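Me: I have a model open and would like to talk through how its labels are earned. Could you take my questions one at a time?

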Amino acid sequence: MSGLRGVPVPMQMHKNETSRELKILPDPEAVAQTAATRILALSSAVLATQDRFSVAFSGGSTPRRLYEILAAPPFSEQVAWERVHVFW
């Protein structure tokens, strides 16, 4: 379902999720920073109870800034990359 800019769009929820939130961010840098923070939080939470964290990343140039953020300190030092399975 599509929506107007700034208008929340309903999303189908995964069976284990209780809610979703749509965030409208001001620019691509904020999107990349928010995504990196979310990946760090999710990986930490999963790795606290499981042996590995799996994530699928998009190709192309759109997510390039996200990858730069994840590859540099402090994110590169806070993610247990040896326990992360990355898919493209």
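**From labels to reasons**

Reply: Gladly! Let's begin with Ser 43, which sits in helix H1, residues 28–47. Keep in mind throughout that this is a predicted model.

Me: Why is Ser 43 called buried?

Reply: The cut-off for buried is under 20% relative accessible area. Ser 43 comes out at 1%, so buried is the right word. Beyond its neighbours within four places in sequence, Ser 43 is in contact with Phe 53 and Val 79.

Me: Which other residues of H1 are buried?

Reply: Along with Ser 43, the buried residues of H1 are Ala 30, Ala 32, Ala 36, Ile 39, Leu 40 and Leu 47. Their cover includes strand E1 (53–56), H2 and helix H3 (75–78).

Me: And Leu 42, also in helix H1: what makes Leu 42 partly exposed?

Reply: Partly exposed is the range between the 20% and 50% cut-offs. Leu 42 has a relative accessible area of 34%, so it belongs there. The C-alpha atoms of Leu 42 and Phe 53 are separated by 8.5 Å, with their positions 11 residues apart along the chain.

Me: How do you know that the length of H1 agrees with what a helix should span?

Reply: The expected span is 1.5 Å times one less than the number of residues. For the 20 residues of H1 that gives 28 Å, and the end C-alpha atoms are 28 Å apart, so the two agree. At the start of this helix, a side-chain oxygen of Asp 27 comes to within 3.2 Å of the backbone nitrogen of Glu 29.

Me: What makes Arg 65 and Glu 29 a salt bridge?

Reply: The test asks for a side-chain nitrogen of Lys or Arg within 4 Å of a carboxyl oxygen of Asp or Glu. The side chains of Arg 65 and Glu 29 meet at 2.8 Å, N to O, which passes. This pair links distant parts of the chain: Arg 65 is in helix H2 (residues 64–71) and Glu 29 in helix H1, 36 residues apart. As for the chemistry, side chains of opposite charge can pair when their charged atoms come close.

Me: How many salt bridges does a search of the whole structure find?

Reply: The search finds two. In the other, Arg 65 pairs with Glu 68, the closest N and O atoms being 3.4 Å apart, again inside the 4 Å limit. Both residues lie in helix H2, three residues apart, about one turn of the helix. Through shared partners, the salt bridges join Glu 29, Arg 65 and Glu 68 into one network.

Me: Why are the members of that network called partly exposed?

Reply: Set each value against the 20% and 50% limits. Arg 65 is at 35% relative accessibility, so it counts as partly exposed. Glu 29 has 33% and therefore gets that label too. Glu 68, at 41%, is likewise partly exposed.

Me: Let's turn to His 85 in strand E2, residues 84–87. Why is His 85 described as partly exposed?

Reply: With a relative accessible area of 35%, His 85 lies between the limits, so partly exposed fits. Not counting residues up to four places away in sequence, His 85 touches Arg 52, Phe 53, Ser 54 and Val 55. The C-alpha atoms of His 85 and Phe 53 are separated by 6.1 Å, although the two are 32 residues apart along the chain.

Me: What is the peptide bond from Pro 73 to Pro 74, cis or trans?

Reply: That bond is cis, with omega near 5 degrees. Most peptide bonds are trans. Pro 74 lies in the loop between H2 and H3.

Me: In what order do the elements of the protein chain run?

Reply: From the N terminus on, the order is α-β-α-α-β, which comes to three helices and two strands. Buried residues make up 19% of the 88 residues.

Me: Where does pLDDT stay under 50?

Reply: That stretch is residues 1–14, for which the model has 16 contacts beyond four places in sequence. Over the protein chain, the mean pLDDT is 84, and 78% of residues reach 70 or more.

Terms used
Residues are numbered from 1 along each chain as its sequence is written. This is a predicted model: local features need pLDDT of at least 70, side-chain atom pairs count only at pLDDT 80 or more; totals for chains, interfaces and linings use all residues. Side-chain values use heavy atoms; hydrogens and water are left out. Helices (H or I, at least four residues) and strands (E, at least two) are DSSP runs, numbered from the N terminus. Buried means under 20% relative accessible area, exposed over 50%, partly exposed in between (1.4 Å probe, protein chains only). Contact means heavy atoms within 4.5 Å. pLDDT is the predictor's confidence in each residue, from 0 to 100. A polar contact is a pair of N or O atoms within 3.5 Å; within protein, one must be able to donate a hydrogen and the other to accept it, and residues adjacent in sequence count only if both atoms are side-chain atoms.
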